[in-house]
Amino acid sequence: MIEALPNIQTIFFIMIFIIMYIIEFYCPNRIWQTARYKRLFTHLIVAIINSIILYIPRLIFLIPILLLIEEKQLGLLNNMDQFYFIEILLGFLFFDFAYYWWHRFNHTIPFLWRFHSFHHLDTHLDVTTSLRFHFGELVLSVIYDIFLIIIIGAPLELYIFYKIILTSSSHFHHSNIKLPERINDLLIYFIVTPKYHTNHHTVEKNTRNANYTSIFTIWDRLFLTCKDSNDADRTLMGLENRDLELDLVKSLKHPFQKKSNELL
Ligand SMILES: [Zn+2]
Ligand SMILES: [Zn+2]
């Protein structure tokens, strides 16, 4: 069963992606300036490159560490004398809290921003943006994951479960879906919605360097980074450099160039 968990994660990843892609077609919020198939094609290439590069660190480091922690019952969660459900809930909240800070570090530490800016170079926002992460950022996030897993002694099923919800949330909040205002206003008390995450993709720095949370919006409210934008700013997404949306070679090389910190 344990061996099947990463495959279940992949199935969910693809399934939710396809569902969001279809819903976007029927209920779009913004008109696409670039053909959807071009964006899909470009970002699928990114996803394929990432899964090839990440295969090795996941196989050699991440999975063995998860299995070792499971086998030896190491870490905080494994040694807690609580109901299994409580442990999973606490572990889930811990991961989401830690991911809030990971995203915040990606905006505030210049070295990390070099890689994360690749995600923000997209001048549109739709479900394909959730595939657009630089492999450098993802390799660093595997190291961060290993650090978190060791601290709390996360069971494999908790880690996979969190990742499934995280990627589903990411597909959802990047999607170009028009949600009724009332539903959006209700949901943002609890979770990140497409409109909420659009605030984070504005060229305007005040809201871009805020709204970091990945699933639960409570972290932004708790750490005072919940900042609403306005309709005008929300139509202008990306960074000052607006030519790299589909230019994969240039934008993948971007973190390694001397001047890329200027975008911070
Ligand atoms: Zn960001
Ligand atoms: Zn994003």
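Reader: Does Leu 224 count as buried or exposed?
Author: Happy to start there, with a note that this is a predicted model, in which local features need pLDDT of at least 70, side-chain atom pairs count only at pLDDT 80 or more, and totals for chains, interfaces and linings use all residues. Residues are numbered from 1 along each chain as its sequence is written, chains are lettered from A and ligands numbered from 1 in the order in which they are written, and side-chain values use heavy atoms, leaving out hydrogens and water. Buried means under 20% relative accessible area, exposed over 50%, and partly exposed in between, with a 1.4 Å probe and protein chains only. Leu 224 has a relative accessibility of 70%, so this residue counts as exposed.

Reader: Leu 224 is not a glycine, so what is its phi?
Author: Most residues other than glycine have a negative phi. Leu 224, found in the loop between helix 11 and helix 12, has a positive phi although it is not a glycine. Here helices (H or I, at least four residues) and strands (E, at least two) are DSSP runs, numbered from the N terminus. The phi of Leu 224 is about 60°.

Reader: Which residue in the loop between helix 10 and helix 11 counts as buried at 0% relative accessibility?
Author: That loop follows helix 10 (205–208). The residue in question also has a positive phi of about 55° although it is not a glycine. With a relative accessibility of 0%, the residue that counts as buried is Asn 211.

Reader: At what angle do helix 4 and helix 7 pack?
Author: Two packed helices are described by the angle between their axes and the distance between the axes. Axes are lines fitted to C-alpha atoms, for helices over the stretch in contact, and angles run from 0 to 180 degrees between N-to-C directions. Helix 4 (residues 84–108) and helix 7 (residues 156–174) have their axes 10 Å apart, and the angle is about 50°.

Reader: Which word describes how helix 4 and helix 7 lie to each other?
Author: Angles under 35 degrees count as roughly parallel, over 145 as roughly antiparallel, 65 to 115 as roughly perpendicular and the rest as oblique. The angle here is about 50°, and the two helices are therefore oblique.

Reader: How many nonpolar residues are in the contact of helix 4 with helix 7?
Author: Helix 4 passes helix 7 in a right-handed crossing (the near helix is turned clockwise from the far one by less than a right angle; left-handed if anticlockwise). Contact means heavy atoms within 4.5 Å, and the residues making it include Phe 92, Phe 95 and Tyr 99 of helix 4 and Tyr 159, Phe 161 and Leu 166 of helix 7. Ala, Val, Leu, Ile, Met, Phe, Trp, Tyr, Cys and Pro count as nonpolar, Asp, Glu, Lys and Arg as charged, and the others, Gly among them, as polar. Beside 1 polar and 3 charged residues, the number of nonpolar ones is 11.

Reader: And how many polar residues are in the contact of helix 4 with helix 5?
Author: These helices pack at an angle of about 100°, with their axes 6 Å apart, which makes helix 4 roughly perpendicular to helix 5. Among the residues in contact are Trp 102 and His 103 of helix 4 and Trp 113 and His 116 of helix 5. The contact has 5 nonpolar and no charged residues, and the number of polar ones is 6.

Reader: Which residue's backbone oxygen does the side chain of Arg 114 reach?
Author: Arg 114 sits in helix 5 (residues 110–120) and counts as buried at 15% relative accessibility. At a distance of 2.7 Å, its side chain reaches the backbone oxygen of Gln 257.

Reader: How far apart in space are Leu 244 and His 254, C-alpha to C-alpha?
Author: Leu 244 lies in the loop between helix 12 (231–234) and helix 13 (248–253), and at 6% relative accessibility this residue counts as buried. Leaving aside neighbours within four places in sequence, Leu 244 is in contact with residues including Leu 121, Arg 132 and His 254. Leu 244 and His 254 are 10 residues apart in sequence, and their C-alpha distance is 9.5 Å.

Reader: What is the relative accessible area of Trp 219?
Author: Trp 219 lies in helix 11. Not counting neighbours within four places in sequence, Trp 219 is in contact with Leu 93, Asp 96, Phe 97, Tyr 100 and Thr 213. Trp 219 is buried, with a relative accessible area of 11%.

Conventions
A polar contact is a pair of N or O atoms within 3.5 Å; within protein, one must be able to donate a hydrogen and the other to accept it, and residues adjacent in sequence count only if both atoms are side-chain atoms.
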